[in-house]
Amino acid sequence: MKNPLAVCHFGIAVLSGLLAACGPNGVKSVDPPDAKVYAAFFDRRALPRPETLYVAESTLVFDALGTHEPDPEHSEMLGLLKREGVPRELAASLSQASGRQRPTQALRLPAPTHVLSARELTEIFSGNPPEIPGVRELRVDRNWNEFYRRYPRAKGYQAFSPIGYSSNGSEALFYHEHSCGSLCGAGTVVWVTRDSNGDWKVRKTINLWIS
């Protein structure tokens, strides 16, 4: 005969495991595939994924609906999203996900990160690095030279928004910025979809600005 106490303990263990896998309303919680969505962006670029991502310490806030942004230039950017066919539901999801700044380390990026604090970036790009003897350059170029002096393995630095998902979980949208020099940088909205095999692929990248 089975020990009733042992059966009771087993039942409690199973119940505890089920509860741990469920949200507060008893619905099973599933981690969003953020790492795979971000990885799809890097894989599409046909370049080796960097060993280390140099990233700003805070996530990007991006209002994809223009609800709180009166700037006409920004409105023109958002019009581009609409012309490119981005569903309003997906744009709204991105706006909600990126409504406030968060630590970039909270994102599930697909490579180890080196976080650049806002204080250090301000120090580099608002400072006045010494001129290189015999070389005439703009101050902004000297600032970037200082950045690369500190981080010779970096190819600039990047910043990401959190990801917004469609209601059925098959589409994703995020905003990305890459800064790499005085005339080197871009801001891009990345639209990613999940195919029939469950793999995430970039459907479209929409360049909002470039320098």
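Visitor: Let's start with helix α4. Which of its residues are buried?

Guide: Keep in mind that this is a predicted model. Burial is read from relative accessible area, with under 20% as the cut-off. In α4, which spans residues 88-97, the buried ones are L90, A91, S93, L94, S95 and A97.

Visitor: And what do the buried residues of α4 pack against?

Guide: Three strands: β4 (164-165), β5 (171-181) and β6 (184-194).

Visitor: On to pockets. Which residues line the second largest pocket?

Guide: Look for A64, L65, L78, L81, K82, V86, P87, R88 and A91. You've met A91 already, as one of the buried residues of α4. The space in this pocket comes to about 150 Å³.

Visitor: Which elements give two or more residues to that lining?

Guide: Those are α3 (72-83) and α4. The top contributor is α3, with three residues.

Visitor: How does the lining of the second largest pocket split by class?

Guide: Seven residues are nonpolar and two are charged, while polar ones are absent.

Visitor: Now salt bridges. How many are there?

Guide: The idea is to look for a side-chain nitrogen of Lys or Arg within 4 Å of a carboxyl oxygen of Asp or Glu. That rule gives seven salt bridges here. A good place to look is the network that links E120, E123, E146, R149 and R150.

Visitor: Take R150 and E120, then. How far apart are the closest N and O atoms?

Guide: They sit 3.2 Å apart in that salt bridge. R150 belongs to helix α6 (residues 139-150) and E120 to helix α5 (residues 118-126), so this pair ties together parts 30 residues apart in sequence.

Visitor: Is E120 buried or exposed?

Guide: E120 counts as buried, at 17% relative accessibility. Its partner R150 is partly exposed, with a relative accessible area of 27%.

Visitor: What about R150 and E123: what separates their closest N and O atoms?

Guide: There the gap is 2.6 Å, again in a salt bridge. This pair also links distant parts of the chain, with R150 in helix α6 and E123 in helix α5, 27 residues apart. E123 is partly exposed, its relative accessible area being 45%.

Visitor: Where does E146 fit in, and how many residues separate it from R150?

Guide: R150 and E146 are four residues apart in helix α6, so about one helical turn separates them. Their side chains meet in a salt bridge, 2.8 Å from N to O. With a relative accessible area of 14%, E146 is buried.

Conventions. Residues are numbered from 1 along each chain as its sequence is written. This is a predicted model: local features need pLDDT of at least 70, side-chain atom pairs count only at pLDDT 80 or more; totals for chains, interfaces and linings use all residues. Side-chain values use heavy atoms; hydrogens and water are left out. Buried means under 20% relative accessible area, exposed over 50%, partly exposed in between (1.4 Å probe, protein chains only). Contact means heavy atoms within 4.5 Å. On a 1 Å grid over the protein atoms alone, a cavity is a set of points where a 1.4 Å probe fits but cannot get out, and a pocket is an open set with protein on both sides within 12 Å along at least five of seven lines; lining residues have an atom within 4 Å of a point. Grid points are joined across faces, edges and corners, and a volume is the space filled by probe spheres set on the points. Ala, Val, Leu, Ile, Met, Phe, Trp, Tyr, Cys and Pro count as nonpolar, Asp, Glu, Lys and Arg as charged, and the others, Gly among them, as polar.
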